[in-house]
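Visitor: I'm new to this one. Could you walk me through how to read it, feature by feature?

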Number of protein chains: 2
Amino acid sequence: MIESLHSPHIARVKALIGSKGAKERREQGLFVAEGVQCTREALTSAGGPEIKIIYATEQGLSKIAELDLGAVEIVEVSEPVLKAMSDTVSPQGLISLCHTPENSISELALTGSSTVIYLHEIQDPGNAGTILRTADAMGVTAVVTSPDSVDMYSPKVVRSTAGSLWNIPVYEGVTFQALASIFPDTQKILLSSHASTSILDLKIAGDCIAVFGNEARGVDAAALGAAVTEVTIPMAGNAESLNLSAAASIVMFTLSAKVAG
Amino acid sequence: MIESLHSPHIARVKALIGSKGAKERREQGLFVAEGVQCTREALTSAGGPEIKIIYATEQGLSKIAELDLGAVEIVEVSEPVLKAMSDTVSPQGLISLCHTPENSISELALTGSSTVIYLHEIQDPGNAGTILRTADAMGVTAVVTSPDSVDMYSPKVVRSTAGSLWNIPVYEGVTFQALASIFPDTQKILLSSHASTSILDLKIAGDCIAVFGNEARGVDAAALGAAVTEVTIPMAGNAESLNLSAAASIVMFTLSAKVAG
């Protein structure tokens, strides 16, 4: 059991979640997932990021005791060591060091009734994580992000996904033009506050790529480099706009209900 | 212009947003709203919390220059003073000290096609603020919170509402039993992950009170002290559950579309 607060393991984990974490994560191909839910998903899901090491306190281990840990390297640490590694107030005794998946967009296969979410320069980790979580719940096929979007493996995003990183593939840093060139004939919609077509009136035929722009400035359809149909969420009330993850959740649910219904 | 970092104005604002802020806000009947959007809403909306003082830098003032400031006390402060008052990295040069509305639930009037949101012991400020913002967008009549729910006038909630506190009335600390005794015949629904009725199949006749439970443990229908119909959000995918504000946004949109359609 590691008890020393000078252990190089602490520096290693902290480097991946600190202020220069994005660079470290990219260079090492590793990211950090804290807590019970992420560790459980990582151990039980067929897909998603592979675990390299689980750092666990005795209490943390007891929370995953019934799972098959045979193939995973477990490093037991003291409570103070786990706290020193952690980004949160209560890391629940478990921190997993995971391999960042190297997903290539050329491998993305659509089913004929797939929904794909494309996030254009979104910045807020909470929004990104919540969108991934809703996408997973609504049976979305994949989440694709543009260059200059938030790092989907940053600690806050990973936490907000609540384990969904293990259920749905993420493709990062893909331009919309590149995505559109792979799926030229697929229906593409852009959520926009000034569109005249309501998401409720939209006809979905086959696969659909739904685009969401930056939290503050959205995205101009003309700037995307491929044709999209602009759609809006009808609002009976006063608010100028919805929070991005709330809007995306409404769109994903509506698309999911259209496909099902 | 206040330039001293020892100004009692700084201590006054900080007390309202600090770790003991909830107690201070309750005792003083005041809360703090930062930024351009909240200040604009406060100055232009007919309803909502009244401004007591606006603390503004020269740059902050320029952002609301075209608005009628005649009836409001403006206190000009230096950039460092505003920063010292602030809860955020970029307070945008404007901090408003506002009177907490003393809304009494007995004044709540429904229209016959009203939706009311009831939040039972919800804890996350971001969720609370996002729900209020979506409620405003969807034309919800009021948001009511239970005892032991997050303080709707805490800085994080106020920020997440993006000004919606000025468009929609909030009633805090009301038990569900009390609400139900005022509206005994109104349809009441509870979002629950294990319900068999889909929100899509729900028939809405007249007013509707929609209940959402705590982020981690939800709320047991039997514990509410009044009858509710449990409904669920159909999910095609894998995620165990949705983020609370995502789920609430989907429900509010669906209810809004039912009333409109």
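Guide: Sure. Let's start with a helix: in chain A, the buried residues of H3(A) pack against strand S1 (30–34), S2, helix H4 (58–63), strand S4 (94–99) and H7. Keep in mind as we go that this is a predicted model.

Visitor: Which residues of helix H3 (residues 36–44) of chain A are buried?

Guide: A general idea helps first. An α-helix has 3.6 residues a turn, so residues three or four places apart point the same way. In the helix spanning residues 36–44 of chain A, the buried ones are Val36(A), Cys38(A), Thr39(A), Glu41(A), Ala42(A) and Leu43(A).

Visitor: I see a cysteine there. How many disulfides does the structure hold?

Guide: A disulfide is a covalent bond between the sulfur atoms of two cysteines. Over all chains, the count here is zero.

Visitor: Why does Cys98(A) have no bond to the closest cysteine sulfur?

Guide: It comes down to distance. The closest cysteine sulfur to that of Cys98(A) belongs to Cys38(A), and because the gap is 8.0 Å, it is too far for a bond. The cut-off for a disulfide is 2.5 Å between the sulfurs. Chain B tells a matching story: the sulfur of Cys98(B) has its closest cysteine sulfur in Cys38(B), 8.0 Å away, and that is too far for a bond.

Visitor: Is Cys98(A) buried or exposed?

Guide: Cys98(A) counts as buried, with 0% relative accessibility. Cys98(B) is at 0% too and also counts as buried.

Visitor: Let's zoom out. How many helices and strands are in chain A?

Guide: Chain A has nine helices and 11 strands. Its radius of gyration is 20 Å, close to the 18 Å that the globule rule gives for 261 residues, so chain A is as compact as a globular protein of that length. Along the principal axes, its C-alpha trace spans about 60 × 35 × 35 Å.

Visitor: What percentage of the residues in chain A is buried?

Guide: Of the 261 residues in chain A, 52% are buried. You can also look at who touches whom: among contacts in chain A with a separation of 6 or more, 77% involve residues 24 or more positions apart.

Visitor: And what about the surface and charges of chain A?

Guide: Chain A exposes about 11,300 Å², with carbon and sulfur atoms supplying 48% of that area. For charges, count the side chains: 17 are positive and 28 negative, and the centres of these two sets are 4 Å apart.

Visitor: Can we look at a single buried residue? Where does Tyr55(A) lie?

Guide: Tyr55(A) is in strand S2 (residues 51–56) of chain A. With a relative accessible area of 0%, Tyr55(A) is buried. Setting aside neighbours within four places in sequence, the contacts of Tyr55(A) include His9(A), Arg12(A), Val13(A), Met85(A) and Leu97(A). For a sense of scale, the C-alpha atoms of Tyr55(A) and Ala180(A) are 41 Å apart, with their positions 125 residues apart along the chain.

Visitor: Is Arg25(B) buried or exposed?

Guide: Look up the relative accessible area: for Arg25(B) it is 7%, so this residue is buried, the cut-off being under 20%. Arg25(B) belongs to helix H2 (residues 21–28) of chain B. Not counting residues up to four places away in sequence, Arg25(B) touches nearby chain members including Leu16(B), Phe31(B), Asp151(B) and Tyr153(B).

Visitor: Which residues of chain B can I use as exposed examples?

Guide: Try Thr111(B), exposed with a relative accessible area of 62%. Thr111(B) sits in the loop between strand S4 (94–99) and strand S5 (115–119) of chain B. Ser90(B) is another, exposed at 54%, and its place is the loop between helix H5 (79–85) and S4 of chain B.

Visitor: One last thing: what is the phi of Ala162(A)?

Guide: Ala162(A) has a positive phi of about 55 degrees, although it is not a glycine. Find Ala162(A) in the loop between helix H7 (155–161) and strand S7 (170–171) of chain A, where it is buried at 13% relative accessible area. In chain B, Ala162(B) also has a positive phi of about 55 degrees without being a glycine, and Ala162(B) is buried at 14%.

Methods
Residues are numbered from 1 along each chain as its sequence is written. Chains are lettered from A and ligands numbered from 1 in the order in which they are written. This is a predicted model: local features need pLDDT of at least 70, side-chain atom pairs count only at pLDDT 80 or more; totals for chains, interfaces and linings use all residues. Side-chain values use heavy atoms; hydrogens and water are left out. Buried means under 20% relative accessible area, exposed over 50%, partly exposed in between (1.4 Å probe, protein chains only). Helices (H or I, at least four residues) and strands (E, at least two) are DSSP runs, numbered from the N terminus. The radius of gyration is taken over C-alpha atoms; the globule rule is 2.2 Å times the number of residues to the power 0.38. Contact means heavy atoms within 4.5 Å. Accessible areas come from the Shrake-Rupley method with a 1.4 Å probe; for residues, only the protein chains shown count as cover. Lys and Arg count as positive and Asp and Glu as negative; His and the chain ends are not counted. The place of a charge is taken as NZ of Lys, CZ of Arg, CG of Asp or CD of Glu.
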